[in-house]
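User: I've got this model open and I'd like you to take me through one part of it slowly. Could you stay with that part and follow it outward into whatever surrounds it?

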Amino acid sequence: MTTRFSQAQDISSFRQIAAAMWGRPNDPTIYGSMDVDVTRTLAFIQRFRRQTGVQLSITHVVTHAVAQAFARHPELNAKVRFWGRVERRESVDVFVSVASEGGKDLSGARIDGADQLSLKDLATLVQDGAAGIRSGADKTYARSRGMFRRMPWWLARPVLQLTDVLTNELHVHLPSQGMPRDPFGTAVITNVGTFGIDTAFAPFIPLARSPMLLLITEIRDRPWVVDGKLEVRPVLRLCGTFDHRIIDGYGAGLLAREIRTLVEDPDPVPAMRPVSMPSAEVRQ
């Protein structure tokens, strides 16, 4: 799928000033987190696995929710190019980070048109992409990482700066060289919950012109108020980093509301059965 762009015509005066005033995301950063009761979510994941055979995870559910949230608010699916030109993406492409080499390296799978995919198809694509990276079958990943391993340290920065100009400013498309156009897309999603991390915020990658980076932390039992009563529920804490040139508090609130709703209850037809306690595996 080829990502196309068009210049945003109806941006606010503040957005125009912000795009010109700040550089790329190394300073206009805002942070936010929210807790989500995932009782129904974990039960849904168990049913989904039994019915489809696909090893659905909380990462897939969150990724699907993020893609749908940006599709419903396309004005937030934007990037800043050149010296302050705000452009809106015409597709929702989501980058899911993948740890490889036993956690010693980090890459990811970009899912193009993620908002157009079913949850099953999205989960399959993410799993296939992760498996290709970890097994070495992804030739593009192997080629690009091999190049940087052989490169002198003093050459890495100018090469990355050139890559940024080619892929983000000029939109040159060189996937065979590990340099696809707009390499990170709409949002970057990373699951750090598998490492036992409770709360964390990630910095923007300089090559990424994504307006949001979302960390999925460990699902933990926490006190939760249900109908005025205190209960213990499995709670997922989502930690977001936002590019304030694109997303302000109002925009972050819109995304948070959509994502919370879609993560809390991802099943369009909830099963009429008691909710059982999810296994530890399902929580990852």
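The part I'm after is helix α7: what covers its buried residues?

Analyst: The cover over the buried residues of α7 includes strands β2 (29-37), β8 (212-216) and β10 (229-243), plus helices α2 (39-52) and α3 (58-72). Keep in mind that this is a predicted model.

Let's do the helix itself before its surroundings. α7 runs over residues 249-264, and its 16 residues, at 1.5 Å a residue, should span 22 Å; the C-alpha atoms at its ends are 22 Å apart, so the two agree. The buried residues are Gly251, Ala252, Leu254, Leu255, Glu258, Ile259 and Val263. Look down the axis of α7 and those buried residues fall within an arc of 155°, so they line one face of the helix. The spacing makes sense if you recall the general rule: an α-helix has 3.6 residues a turn, so residues three or four places apart point the same way. On the face turned away from the buried side you'll find the exposed residues Gly249, Tyr250 and Arg257.

Have a look at the start of α7 as well. A side-chain oxygen of Asp248 comes to within 3.2 Å of the backbone nitrogen of Tyr250 there.

Now for the strands in that cover, beginning with β8. Five of the five residues of β8 are buried, so the rest of the structure largely encloses this strand. Both of its faces are covered, with Met212, Leu214 and Ile216 buried on one side and Leu213 and Leu215 buried on the other. That odd-even split is what you'd expect, because in a regular strand the side chains alternate between the two faces of the sheet.

β8 also has strand partners to follow. It pairs with β7 (187-191) in the parallel sense over five bridges, and Thr190 has Leu215 of β8 as its bridge partner. With β10, β8 runs antiparallel, and five bridges join them. Two pairs to click on here are Met212, whose bridge partner in β10 is Phe242, and Ile216, which stands opposite Leu238 in β10.

That brings us to β10, another part of the cover over α7. Eleven of the 15 residues of β10 are buried, so you can call it mostly covered, going by a limit of under 20% relative accessible area. Besides β8, it is joined to β2 by nine bridges, and these two strands run antiparallel. Ser33 is a handy marker for that pairing, standing opposite Cys239 in β10. β2 is itself part of what covers the buried residues of α7.

β10 has an antiparallel pairing with β9 (220-226) too, through seven bridges. In that pairing Arg222 stands opposite Arg233 in β10. The β9 and β10 hairpin has two residues between the strands, and Asp227 there takes a positive phi near 55°. If you're checking backbone torsions, that's a residue to look up.

On the helical side of the cover, Arg49 is a side chain to pick out. Arg49 lies in α2, and at 14% relative accessible area it counts as buried. A polar atom of the Arg49 side chain lies 2.8 Å from the backbone oxygen of Leu56.

One step back from β2, Asp27 sits in the loop between α1 (13-21) and β2. With a relative accessible area of 44%, Asp27 is partly exposed. Its C-alpha atom is 9.9 Å from that of Arg245, though the two are 218 residues apart along the chain.

That ties in with the picture for the whole chain. Residues 24 or more positions apart account for 70% of the contacts with a separation of 6 or more. The chain has seven helices and ten strands, and buried residues make up 50% of its 284 residues.

So, back to α7: one face of the helix is lined by its buried residues, and their cover includes β2, β8, β10, α2 and α3. Of the strands in that cover, β10 is joined by bridges both to β8 and to β2.

Conventions
Residues numbered from 1 in each chain as written. Predicted model: local features only at pLDDT ≥ 70, side-chain atom pairs only at ≥ 80, totals over all residues. Heavy atoms only, no water. Helix = DSSP H or I, 4+ residues; strand = E, 2+ residues; numbered from the N terminus. Expected span 1.5 Å × (residues − 1). Buried < 20%, exposed > 50% of the residue type's maximum accessible area, 1.4 Å probe, protein only. Arc of directions from axis to C-beta. Contact = heavy atoms within 4.5 Å. Polar contact = N/O pair within 3.5 Å; in protein donor to acceptor, adjacent residues only side chain to side chain. Pairing = 2+ DSSP bridges.
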